[in-house]
Amino acid sequence: MKLCIRAHDLGVRGTPAILQGLQRLGLDGVQMVCYKAYDDIPYQPGGISTEQAAQIGSAFSQAGFSIPLVGAYFNPVHSDRAKAERCFQVFADYLRVCRQMGCQCVGSETGSFNDDRWTYHPRNRTEEALQSVVATFSRLCDIASDAGSTVAMEGAAGHVCFDVPTLARARRTMGRQTKVIFDLYNFLDESNQGDYLSILEEGLDTFAGDILLFHMKDCRFRAGQRPEQVPLGTGEMDMEAVLKRIKAYDPNAVLTLEGTTGEHIAGAITTIKSIWERV
């Protein structure tokens with residue numbers, strides 16, 4: 001098992017500070033969102049150069065840390081089509097330079113017709129929405145193929161690929177090589193939160209061999225409402241049951257803390273490592 005974190009969740013910016021944080025915490029690497037972790041890499045087409053990517057990759061490699069995923073999340077069904085295309089081009093840029101960072105995959109969620117709120121909209125669950133996502137991610141996969149990289153897709157209850165079968169159908173319809181970012185919490189809403197272990201098992205079975213990494217989160221369950229995310233180890237998810245299933249699926253899984261920050265990071269690391277050793 002490798003335990004990682006989103007670089008910007010460390011609360012620092014720039015390679016030296018990120019590497020120091022990883023070493024201090026005993027982590028293995030990061031999910032890298034460059035425009036959230038570097039002052040000189042803006043979120044815009046052409047915002048990162050091959051040279052900048054290579055400098056990051058070299059520094060991480062020499063320090064013994066990995067970058068399993070580059071995040072370039074965008075909303076492919078945003079109503080501002082000019083904005084959606086700009087964000088598409090940013091993602092495409094990262095597909096072209098991620099290998100210089102020692103990474104093969106660039107990932108995103110599948111978006112929502114609620115635009116910048118990224119929340120449920122009735123149109124998200126239409127055939128129109130799914131085909132729009134399929135078309136956009138197929139274009140990205142073609143760019144990835146030329147660049148020697150891979151697109152990773154993440155589902156979420158409020159987005160177009162709102163459950164495991166819908167994400168599986170999108171990938172199948174595309175007919176291209178993709179990876180999956182599996183975020184169990186993201187698939188939960190007020191209607192299915194009690195079934196989270198069944199959803200995990202469904203995902204492990206459906207995406208067998210294609211899960212790039214697992215986003216690790218915790219939550220408090222709320223009747224009639226979407227569960228509330230809390231720092232890992234402080235919520236109501238049965239982490240032993242979750243990690244036992246993941247370890248049985250892949251003892252070399254990459255687990256990535258997402259949304260656990262500050263003073264809660266060390267406790268989350270201890271929780272995951274201690275459970276992993278005994279399950």
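**Exercise 1. Trp-118 and Asp-115**

Task: Is Trp-118 buried or partly exposed in this predicted model? Do the same for Asp-115.

Solution.
- Step 1. Start with the value for Trp-118, which is a relative accessibility of 24%.
- Step 2. Compare that value with the cut-offs: buried means under 20%, and exposed means over 50%. Trp-118 therefore counts as partly exposed.
- Step 3. Now take Asp-115, whose relative accessibility is 17%, so this residue counts as buried.
- Step 4. Find both residues in the chain. Trp-118 lies in the loop between S4 and H5, and Asp-115 is found in the loop between strand S4 (105-109) and H5.
- Step 5. Look at the backbone as well. Phi is near 50° for Trp-118, a positive value in a residue other than glycine. For Asp-115, phi is near 55°, again positive in a non-glycine residue.

**Exercise 2. The chain as a whole**

Task: How does the radius of gyration of the protein chain compare with what the globule rule gives for 279 residues?

Solution.
- Step 1. Get an overview: the chain contains 9 helices and 10 strands.
- Step 2. Its radius of gyration is 18 Å, close to the 19 Å from the globule rule, so the chain is as compact as a globular protein of that length.
- Step 3. Add the outer dimensions: the C-alpha atoms fill a box of roughly 45 × 45 × 30 Å along the principal axes.
- Step 4. Look inside: 54% of the 279 residues are buried.
- Step 5. Finally, consider contacts between residues at least 6 apart in sequence. Of these, 74% join residues at least 24 apart.

**Exercise 3. Cys-4 and its surroundings**

Task: Where does Cys-4 sit, and which residues beyond its sequence neighbours are in contact with Cys-4?

Solution.
- Step 1. Place the residue: Cys-4 belongs to strand S1 (residues 2-6).
- Step 2. Its relative accessibility is 0%, so Cys-4 counts as buried.
- Step 3. Set aside the neighbours within four places in sequence. Cys-4 is then in contact with Leu-27, Asp-28, Gly-29, Val-30, Pro-68, Val-254, Leu-255, Thr-256 and Leu-257.
- Step 4. Check one spacing: Cys-4 and Leu-22 are 18 residues apart in sequence, and their C-alpha atoms are 8.5 Å apart in space.

**Exercise 4. H1 against H3**

Task: What angle do H1 and H3 make, and which residues form their contact?

Solution.
- Step 1. Two packed helices are described by the angle between their axes and the distance between the axes.
- Step 2. For helix H1 (residues 15-25) and helix H3 (residues 50-63), the angle is about 25° and the axes are 11 Å apart.
- Step 3. Angles under 35 degrees count as roughly parallel, and H1 and H3 are therefore roughly parallel to each other. Their crossing is right-handed.
- Step 4. H1 contributes Thr-15, Ile-18, Leu-19 and Leu-22 to the contact, while H3 contributes Ile-56, Ala-59, Phe-60 and Ala-63.
- Step 5. Sorted by class, this contact of H1 with H3 has 7 nonpolar, 1 polar and no charged residues.
- Step 6. A helpful background idea: an α-helix has 3.6 residues a turn, so residues three or four places apart point the same way.

**Exercise 5. H5 against H6**

Task: Is H5 roughly parallel or oblique to H6?

Solution.
- Step 1. Helix H5 (residues 127-147) and helix H6 (residues 164-174) pack at about 50°, with axes 9 Å apart.
- Step 2. This angle makes H5 oblique to H6.
- Step 3. H5 passes H6 in a right-handed crossing.
- Step 4. From H5, Glu-127, Leu-130, Gln-131, Val-134, Phe-137, Ser-138 and Cys-141 meet Thr-166, Arg-169, Ala-170, Thr-173 and Met-174 in H6.
- Step 5. The residues in this contact of H5 with H6 divide into 6 nonpolar, 4 polar and 2 charged.

**Exercise 6. Helix H8 and its partners**

Task: Which residues of H8 are buried, and what do they pack against?

Solution.
- Step 1. In helix H8 (residues 239-249), the buried residues are Met-239, Ala-241, Val-242, Leu-243 and Ile-246.
- Step 2. These buried residues pack against helix H7 (196-206), strand S7 (211-216), strand S8 (218-222), S10 and H9.
- Step 3. Take H7 as one partner: H7 and H8 pack at about 10°, with axes 10 Å apart. That makes H7 roughly parallel to H8.
- Step 4. The contact joins Tyr-196, Leu-197, Leu-200, Glu-201 and Leu-204 of H7 with Ala-241, Val-242, Arg-245, Ile-246 and Tyr-249 of H8.
- Step 5. The classes in this contact of H7 with H8 are 8 nonpolar, no polar and 2 charged.

Key
Residues are numbered from 1 along each chain as its sequence is written. This is a predicted model: local features need pLDDT of at least 70, side-chain atom pairs count only at pLDDT 80 or more; totals for chains, interfaces and linings use all residues. Side-chain values use heavy atoms; hydrogens and water are left out. Axes are lines fitted to C-alpha atoms, for helices over the stretch in contact, and angles run from 0 to 180 degrees between N-to-C directions. Helices (H or I, at least four residues) and strands (E, at least two) are DSSP runs, numbered from the N terminus. Angles under 35 degrees count as roughly parallel, over 145 as roughly antiparallel, 65 to 115 as roughly perpendicular and the rest as oblique. A crossing is left-handed if the near helix is turned anticlockwise from the far one by less than a right angle, and right-handed if clockwise. Contact means heavy atoms within 4.5 Å. Ala, Val, Leu, Ile, Met, Phe, Trp, Tyr, Cys and Pro count as nonpolar, Asp, Glu, Lys and Arg as charged, and the others, Gly among them, as polar. The radius of gyration is taken over C-alpha atoms; the globule rule is 2.2 Å times the number of residues to the power 0.38. Buried means under 20% relative accessible area, exposed over 50%, partly exposed in between (1.4 Å probe, protein chains only).
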